[in-house]
Structure formats: structure tokens, C-alpha cells
Amino acid sequence: RIRVDLAWIKHLSGEGLIRALTQTESSALDEIIDSFSVTEAEKIWSMDLVLNHDTMAVERYLQDRLSGSSLSDISLFVPLGLTATDIDNIAFALSLRDYLNEMFYPTVDDMLKQIVESAIANMDTLMLARTHGVPAMPTTAGKELATFGVTLKRQVEELRGLPLSAK
């Protein structure tokens, strides 16, 4: 949400709807994002407990961060023209994108490498296949692992191809 609100401020400035930001001010907005920590999140959580409105708590947090700086004159423009749903819709899509790229895909890629290694190591390991929970034909653990790996890889590739849409 913080990223969305601050990107919106930059957009409003770039479109001439609020005053132009200096490079230093634009960098200061980036620093708010880059330095965000659990301590900062706890401040927002405390505000949310009082306000009972999580998006408004983020707005107040940002207004507090901007007050006392050269950006204090634009602090009240943080929510200008955006609803909580606008912010959440974009923020959730960005969060999902970041999670997929930074956590999920690298983990699945590592897992796929391990599946391939295990499939190769077990290509001659006999096992009894099952169909509908009933014992069936003999197979190898390597073949079953390879089949699982190919299926997983295909599904992950499909997921990678899906657009993450937002407003």
C-alpha cells in the first residue's frame, strides 16, 4: 500500500496535478519504501487499532512521515483520487508478483532440480504403480518422479504466463 500511495504521489506530480517533486524529494519517497521495516509496520498497526481502517492507517502513517519535510505541503494528497479498493487491488497484485518472483519461483525451480536429480538417481528403482488406489503395473521411482517433475514444470510455466492484473 505504501508503494502504491507513493507511486501515486509521483504520478500526480508528473501529470502536473500537484507541484513538481525535486529529485531529492523523489528519492526521499523511495527511501520510505526502501527503509520500511517491521517497526514501521507496527506503527501502522497501532494506528489501525485506533482508526479501525487499515488503508487510512497507511495514509496517516505516510502523512506523518512527510510532515516536517519539504514534502509536508503535499502530504494531504496521499489518498487524492484513490479509494481503499483502488489501493488494495494494486497493492495485492504487486505483493503477489513480488512473492512469486522472489520466493515461489526460485523455490519451485530448486525443487524441480532436486526432482530431476532424484529421478536420475532412482531410474532403476522398481516400485509398484497404483491406479485409483489399487496396485497396478510395476514402474520405477525415477519414471514416476520424472512424470511428476514434467507436470509440475508445465503448471509452473502456465502460472508464469498468467498476467497479474490490477486496476
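Me: Is Arg97 buried, partly exposed or exposed in this predicted model?
Reply: In this predicted model, the relative accessible area of Arg97 is 35%. Buried means under 20% and exposed means over 50%. The value for Arg97 lies in between, so Arg97 is partly exposed.

Me: Which residue meets Arg97 in a salt bridge, and what is its relative accessible area?
Reply: Side chains of opposite charge can pair when their charged atoms come close. The side chain of Arg97 meets that of Asp98 in a salt bridge, with 3.0 Å from N to O. Asp98 counts as buried because buried means under 20%. The partner is Asp98, with a relative accessible area of 15%.

Me: How many residues apart along the chain are Asp109 and Arg160?
Reply: The side chains of Asp109 and Arg160 meet in a salt bridge of 2.8 Å, N to O. This pair links distant parts of the chain, with Asp109 in helix H5 and Arg160 in helix H6. Asp109 is partly exposed at 29% relative accessibility, and Arg160 is partly exposed at 41%. The separation of Asp109 and Arg160 along the chain is 51 residues.

Me: Which residues are joined into one network by salt bridges that share partners?
Reply: The structure holds 12 salt bridges. Salt bridges that share partners create one network, and its members are Arg1, Asp54 and Asp88.

Me: Which helices hold Glu40 and Arg65?
Reply: Glu40 and Arg65 form a salt bridge, with their closest N and O atoms 3.6 Å apart. The pair links distant parts of the chain, 25 residues apart. Glu40 is buried at 11% relative accessible area, whereas Arg65 is partly exposed at 32%. Glu40 is in helix H3 and Arg65 is in helix H4.

Me: What is the volume of the largest pocket?
Reply: Rolling a probe the size of a water molecule over the atoms shows where empty space is left. Among the residues that line the largest pocket are Arg1, Phe36, Val58 and Ser95. The volume of this pocket is about 310 Å³.

Me: How many residues of the lining of the largest pocket are nonpolar?
Reply: The lining includes Ile2, Val4, Ile33, Ala41 and Leu94. Helix H1, helix H3 and helix H5 each supply at least two residues of this lining. The lining also has one polar and two charged residues. The number of nonpolar residues is nine.

Me: What is the area of the nonpolar surface patch that Leu96 helps to make?
Reply: Leu96 is in helix H5, which spans residues 84–121. A patch residue needs over 30% relative accessible area, and Leu96, at 40%, is partly exposed. Tyr99, Met103 and Leu164 make the patch together with Leu96. The area of the patch is about 380 Å².

Me: What distance separates the C-alpha atoms of Val150 and Val116?
Reply: Val150 is in helix H6, which spans residues 141–161. With 48% relative accessibility, Val150 counts as partly exposed. Val150 and Val116 are 34 residues apart along the chain. Their C-alpha atoms are separated by 9.3 Å.

Me: Is Asp34 buried or exposed?
Reply: Asp34 lies in helix H2, residues 23–34. The C-alpha atoms of Asp34 and Arg3, 31 residues apart along the chain, are separated by 9.6 Å. Exposed means over 50% relative accessible area. The value for Asp34 is 61%, so Asp34 counts as exposed.

How values were computed:
Residues numbered from 1 in each chain as written. Predicted model: local features only at pLDDT ≥ 70, side-chain atom pairs only at ≥ 80, totals over all residues. Heavy atoms only, no water. Patch = residues over 30% accessible without salt bridge, like charges linked within 9 Å, V, L, I, M, F, W, Y side chains within 5 Å. Areas by Shrake-Rupley, 256 points an atom, 1.4 Å probe, with all protein chains shown as cover. Salt bridge = Lys/Arg side-chain N within 4 Å of Asp/Glu carboxyl O. Helix = DSSP H or I, 4+ residues; strand = E, 2+ residues; numbered from the N terminus. Buried < 20%, exposed > 50% of the residue type's maximum accessible area, 1.4 Å probe, protein only. 1 Å grid on protein atoms, 1.4 Å probe; cavity = no way out; pocket = protein on both sides within 12 Å on 5 of 7 lines; lining within 4 Å. Points joined across faces, edges and corners; volume = space filled by probe spheres on them. Nonpolar A, V, L, I, M, F, W, Y, C, P; charged D, E, K, R; others polar.
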